[in-house]
Amino acid sequence: MMHPQFRIDLLHERSHQLELDVRRTQRLADRSRPAPPTGEPVALRLCSVHDDAALERLAVLEGRTVPSGSFVLAEVDGTIVAALPLGGGAVLADPFRPTAHLLPLLRLRASQLEHATGTRGRFAGAFSLYRGRA
């Protein structure tokens, strides 16, 4: 037979663990929803050699390496918060800033640039030489 105080302690511990699990689930659910636009001005532009440090910072925050090639960048308040490789690949984004609302903009701008040049590979290769990344 189990001691009554031990049983109460076990119930409290289980209750506490369930509360932590609920909070963790709510945080994960909040991350999956796109953040509402903040009203801050956003600038989309092609990268240049001066952006290498910012791209490295985003890659480190994501735990990845910077892919070669050119990128369409999203700047908020003069800070690069997201980058989409023009040659294809995953977006680099600052995990500490709301960027989900910027991803459709980056994809749209990248597709416009790719469409304007005719081929995806030719465009990405030309700009990767400009940035010094082969």
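A residue is called buried here when its relative accessible area is under 20%, and exposed when that value is over 50%, with partly exposed residues in between. With these terms in hand, the reader can approach the structure, which is a predicted model.

The protein holds four helices and four strands, and, read from the N terminus on, its elements follow the order α-β-α-β-β-β-α-α. Of its 134 residues, 28% are buried, while the surface that the protein exposes comes to about 8800 Å², with carbon and sulfur atoms supplying 60% of that area. Among the contacts with a separation of 6 or more, 64% are made by residues that stand 24 or more positions apart.

A walk along the chain can begin with helix 1, which spans residues 4–32 and includes phenylalanine 6. The relative accessibility of phenylalanine 6 is 47%, and because this value lies between the limits of 20% and 50%, the residue counts as partly exposed. Together with Met2 and Leu10, Phe6 makes a nonpolar surface patch of about 290 Å².

Helix 2, covering residues 52–62, shows how burial can be arranged around a helix, for Ala54, Leu55, Leu58 and Ala59 are buried there. These four residues cover an arc of only 140° around the axis, and so they lie on the same side of helix 2. The general background is that an α-helix has 3.6 residues a turn, so residues three or four places apart point the same way. On the face of helix 2 that is turned away from its buried side, the exposed residues are Ala53 and Val60. Just after helix 2 comes glycine 63, which takes a positive phi of about 75°.

Further along the chain, strand 2 runs through residues 71–76 and contains glutamate 75. Is this glutamate 75 buried or exposed? Its relative accessible area is 17%, and because the limit for a buried residue is under 20%, glutamate 75 counts as buried. The side chain of glutamate 75 has a polar partner in the side chain of arginine 45, with the contact at 2.7 Å. If its neighbours within four places in sequence are left aside, the residues in contact with glutamate 75 are Pro41, Val42, Ala43, Arg45 and Ile80. Arginine 45 therefore appears in both descriptions of glutamate 75, once as a partner in a polar contact and once in the list of residues in contact with that buried side chain's residue.

Technical notes: Residues numbered from 1 in each chain as written. Predicted model: local features only at pLDDT ≥ 70, side-chain atom pairs only at ≥ 80, totals over all residues. Heavy atoms only, no water. Patch = residues over 30% accessible without salt bridge, like charges linked within 9 Å, V, L, I, M, F, W, Y side chains within 5 Å. Areas by Shrake-Rupley, 256 points an atom, 1.4 Å probe, with all protein chains shown as cover. Salt bridge = Lys/Arg side-chain N within 4 Å of Asp/Glu carboxyl O. Helix = DSSP H or I, 4+ residues; strand = E, 2+ residues; numbered from the N terminus. Buried < 20%, exposed > 50% of the residue type's maximum accessible area, 1.4 Å probe, protein only. Arc of directions from axis to C-beta. Polar contact = N/O pair within 3.5 Å; in protein donor to acceptor, adjacent residues only side chain to side chain. Contact = heavy atoms within 4.5 Å.
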